[in-house]
Each structure stands twice: as C-alpha cells, then as structure tokens.
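Hi,

Here's the structure I promised to send over. Have a look at it first, and my notes on the helices follow underneath.

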Amino acid sequence: MALRAAVLRHIRLPVQTLTAAGSRPQPQWSFLRLFSSHDDHLTKEEVIDRVLDVVKSFPKVDPSKVAPDVHFQKDLGLDSLDNVEIVMALEEEFKLEIPDKEADKIDSCNLAIEYIYNHPMAG
Amino acid sequence: MSGATTAAAYLARRAAQKERVRILYRRALKDTLNWAVHRHLFYQDASDLREKFEANKHVEDLDTIDKMIAAGEATYDKWRHPDPYIVPWAPGGSKFTRNPVPPSGIEIVYDYGREEND
C-alpha cells in the first residue's frame with residue numbers, strides 16, 4: 001500500500017497549454033465556456049473600440065477626427081485640462097486606478113490603448 | 001531669490017508648474033466626483049471647477065503661479081472627502097488583498113484522511 005501511494009504521488013500527466021499566452025480559443029470552440037478568470041483579458045479590438053467611443057462622446061471633440069492614433073492635444077486641439085478629463089473618463093470606463101504620474105503621461109489614443117491593454121485589471 | 005534667468009530653467013520651471021496644475025486638477029475632479037455622486041450635480045460642479053482653472057490661465061509671472069498653485073492645493077486639502085471611492089482592487093479598496101496569492105513551495109496533499117495501513 002505504501003508503495004502504491006508512493007507511485008500515485010509521483011505520476012504526472014502531460015499538461016496541454018494554449019498556443020500563446022493570452023490567446024483566445026479558436027472560433028469553433030466558442031461554445032466552450034472558460035470558467036477560469038485568468039483568460040478573460042480584453043482583446044485589443046475591444047479596447048480600441050471602447051477607447052474610441054469614450055473619446056468620441058467627449059463634448060469638445062469632433063467625432064469624425066477620432067482614430068486610434070490621434071494625439072489629444074495636437075490632432076484634436078484639446079487643452080491639457082481636457083486631457084486630464086479624458087483620462088478620468090477612461091478610468092471610469094475601464095474601472096482602473098491609474099497613478100497620477102502615469103496618468104499625466106497619457107497624451108494620445110495610442111498610449112491610452114497600450115496602457116489599458118497591458119493593465120492586468122482592465123475591466 | 002529672483003526668477004530663473006536662463007530660458008531653459010524658465011521653461012523647466014513652467015513645465016513643472018504645469019504638471020502640478022494638471023495633477024491638482026485631476027485630484028480636484030476626482031474629489032468632486034466623490035462629493036457629488038449624482039451625475040447632473042457632478043457635471044455642474046465640474047464645470048465650475050473648470051471655470052476656476054480657466055480664469056487663471058493667462059498668468060505669466062512664475063511666483064504668482066506658485067502662490068496660486070499652493071493656494072489651490074490648500075483648498076483641495078480642505079475639501080478632501082473622508083471616504084473616497086477607490087476601485088476595489090486598488091490599495092484602500094474593498095477587494096485589496098482579499099485573496100492573496102498563496103506562497104509558493106506549499107503543496108497540498110490530497111489524501112482525504114487516508115492512513116498508511118489501508
């Protein structure tokens with residue numbers, strides 16, 4: 001019995017991992033529900049869509065000029081205080097808490113999308 | 001101590017002041033959201049706050065700007081909310097360190113109480 005217990009303790013099954021870190025399952029597996037909370041990071045398209053929606057609904061912004069690579073102050077003609085307001089709106093949208101120093105550096109849609117996509121707690 | 005004489009030092013000081021102003025505006029806006037939870041009240045108060053900042057936008061003298069920033073920060077300190085909303089997973093929030101990662105190297109033996117002489 002002790003031998004059996006010892007053998008069972010040391011047998012390991014080979015583990016199958018996903019293809020790349022954070023990659024979603026293939027479309028034909030979309031009926032497969034993932035109950036783990038580790039794979040539900042946002043996709044880049046979702047992040048881009050939501051960020052652009054937030055920026056477009058800002059009252060001082062012209063929605064037709066918004067693209068994923070606009071600079072808030074240079075391309076959209078906004079103020080630095082407007083920049084602060086946009087970052088706050090993004091924080092509310094994604095339920096993030098961005099430290100003051102980091103929030104100061106977010107100047108364009110590009111940086112915002114990068115930061116949010118790489119944030120582990122982005123909702 | 002008079003103001004900085006070289007252009008680079010002047011610009012550096014202005015840039016530092018602008019950063020202080022931005023951070024102050026950010027904190028004041030968050031505080032306004034903490035106090036005025038209902039959205040229509042928040043928009044009202046936020047535009048009032050913006051007016052206050054815009055009124056002093058064209059000041060050029062470095063020392064006056066410093067004094068104004070110090071006065072603004074004092075007002076902000078006076079009006080800070082005692083129970084601000086913090087995102088749950090951030091320090092100070094409700095979910096912070098709720099489920100810490102278990103230390104590595106610990107292995108749970110699932111023997112369900114089975115004894116050696118079974």
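Before the helix pairs, one bit of vocabulary: a helix axis here is a line fitted to C-alpha atoms over the stretch in contact, and angles between N-to-C directions run from 0 to 180 degrees. Also keep in mind that this is a predicted model.

Let's start in chain A. Helix α2(A) (residues 44-56) packs on helix α5(A) (residues 109-118) at about 135°, and their axes are 10 Å apart. An angle like that falls outside the ranges for parallel, antiparallel and perpendicular, so the two count as oblique to each other. The crossing is right-handed. On the α2(A) side you'll find K44(A), V47(A), I48(A), V51(A), L52(A) and V55(A), which meet C109(A), I113(A), E114(A), I116(A) and Y117(A) of α5(A).

Over in chain B, α1(B) and α3(B) (residues 62-78) also have axes 10 Å apart, but the angle is about 20°, which makes them roughly parallel. This crossing is left-handed. Residues in the contact include Y10(B), R13(B) and L24(B) from α1(B), and I65(B), I69(B) and Y76(B) from α3(B).

Then there's α2(B), residues 39-55: its 17 residues reach 24 Å from first C-alpha to last, close to the 24 Å expected. F42(B), A46(B), L49(B), R50(B) and F53(B) are buried. They sit on the same side of the helix because they cover an arc of only 100° around its axis. Among what covers them are α3 (80-94) of chain A and α1 (7-35) of chain B. The face turned away carries the exposed H40(B), Q44(B), E51(B), K52(B) and A55(B).

Cheers

Note on methods: Residues numbered from 1 in each chain as written. Chains lettered and ligands numbered in written order. Predicted model: local features only at pLDDT ≥ 70, side-chain atom pairs only at ≥ 80, totals over all residues. Heavy atoms only, no water. Helix = DSSP H or I, 4+ residues; strand = E, 2+ residues; numbered from the N terminus. Expected span 1.5 Å × (residues − 1). Buried < 20%, exposed > 50% of the residue type's maximum accessible area, 1.4 Å probe, protein only. Arc of directions from axis to C-beta. Contact = heavy atoms within 4.5 Å. Parallel < 35°, antiparallel > 145°, perpendicular 65-115°, else oblique. Left-handed = near helix turned anticlockwise from the far one by under 90°.
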